[in-house]
Amino acid sequence: MKKENQMFWILNFIGTANIIAALALFFSIQDPMISVMLIASGILLVIGGYADRNHRKKHKKKP
């Protein structure tokens, strides 16, 4: 696995797990604040994975 894709997959996996956990908690404990925080955290992790991959690709091209 390429170094530029490794962090992307790790962050996407953790972000997706946070979103799934948030949905499970929302239906089980009915507290929207905890679910909103976990969903926001998951979305930020996924966005961070994309940003990290794009950053590594841009800097890899420059000699």
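Helices here are DSSP runs of H or I with at least four residues, numbered from the N terminus. With that in hand, let's work through some exercises on this predicted model.

**Exercise 1. The overall fold**

Task: Find how many helices and strands the protein has, and decide whether it is spread out or a compact globule.

Solution. Start with the secondary structure, which comes to 2 helices and 0 strands. Next, take the radius of gyration: it is 15 Å, well over the 11 Å that the globule rule gives for 63 residues, so the protein is more spread out than a compact globule. Now look at the extents of the C-alpha trace, which spans about 55 × 20 × 10 Å along its principal axes.

Then turn to the surface. Buried residues account for 21% of the 63 residues. The accessible surface is about 4900 Å², and 71% of that belongs to carbon and sulfur atoms. Finally, consider the contacts between residues at least 6 apart in sequence: 63% of these join residues at least 24 apart.

**Exercise 2. A salt bridge in helix 2**

Task: Identify which side chains meet in a salt bridge, and work out how they are placed along the helix.

Solution. First, recall the general idea: side chains of opposite charge can pair when their charged atoms come close. The cut-off to apply is a Lys or Arg side-chain nitrogen within 4 Å of a carboxyl oxygen of Asp or Glu. Asp52 and Arg56 satisfy it, with a distance of 3.1 Å from N to O. The count by this rule comes to 1 salt bridge.

Second, place the two partners. Both belong to helix 2 (residues 32-61), and because they are 4 residues apart there, about one helical turn separates them.

Third, ask about the surroundings of the arginine. Arg56 has 29% relative accessibility, so this residue counts as partly exposed.

**Exercise 3. Aromatic rings**

Task: Describe the geometry of the Phe8 and Trp9 pair, and say which residues form the aromatic cluster.

Solution. Begin with the total, which is 3 aromatic pairs. One of them joins Phe8 and Trp9, with 5.2 Å centre to centre and 70° between the planes. Planes over 60 degrees apart count as edge-to-face, and that is how this pair is classed.

Now compare the exposure of the two rings' residues. Phe8 is buried, at 6% relative accessibility, whereas Trp9 is exposed, at 51%. To finish, add Tyr50, which forms one aromatic cluster together with Phe8 and Trp9.

**Exercise 4. Two residues of helix 1**

Task: For Phe13 and Gly15, decide whether each is buried or exposed, then find what lies around them.

Solution. Take Phe13 to begin with. This residue sits in helix 1 (residues 3-29). Its relative accessible area is 64%, and the cut-off for exposed is over 50%, so Phe13 is exposed. On the surface, Phe13 joins Met7, Ile10 and Ile14 in a nonpolar patch, and together the four have about 380 Å² of accessible area. As for distances, Phe13 and Leu45 are 32 residues apart along the chain, with 9.0 Å between their C-alpha atoms.

Move on to Gly15, also in helix 1. Its relative accessible area is 0%, and buried means under 20%, so Gly15 is buried. Leaving aside neighbours within four places in sequence, Gly15 is in contact with Gly42, Leu45 and Val46.

**Exercise 5. Separation in sequence and in space**

Task: Set sequence separation beside C-alpha distance for Gly15 with Pro32, Met33 with Phe13, and Ser41 with Asn18.

Solution. Step one: Gly15 and Pro32 are 17 residues apart in sequence, and their C-alpha atoms are 18 Å apart.

Step two: Met33 lies in helix 2 and is exposed, at 53% relative accessibility. Met33 and Phe13 are 20 residues apart along the chain, with 22 Å between their C-alpha atoms.

Step three: Ser41 is found in helix 2 and is partly exposed, with a relative accessible area of 28%. Ser41 and Asn18 are 23 residues apart in sequence, and the C-alpha distance is 7.1 Å.

Technical notes: Residues are numbered from 1 along each chain as its sequence is written. This is a predicted model: local features need pLDDT of at least 70, side-chain atom pairs count only at pLDDT 80 or more; totals for chains, interfaces and linings use all residues. Side-chain values use heavy atoms; hydrogens and water are left out. Buried means under 20% relative accessible area, exposed over 50%, partly exposed in between (1.4 Å probe, protein chains only). The radius of gyration is taken over C-alpha atoms; the globule rule is 2.2 Å times the number of residues to the power 0.38. Contact means heavy atoms within 4.5 Å. Accessible areas come from the Shrake-Rupley method with a 1.4 Å probe; for residues, only the protein chains shown count as cover. Patches are made of residues with over 30% relative accessible area and no salt bridge: like charges are joined within 9 Å, nonpolar side chains (Val, Leu, Ile, Met, Phe, Trp, Tyr) within 5 Å. Rings of Phe, Tyr and Trp (its six-membered ring) pair if their centres lie within 6.5 Å; planes under 30 degrees apart count as stacked, over 60 as edge-to-face and the rest as tilted.
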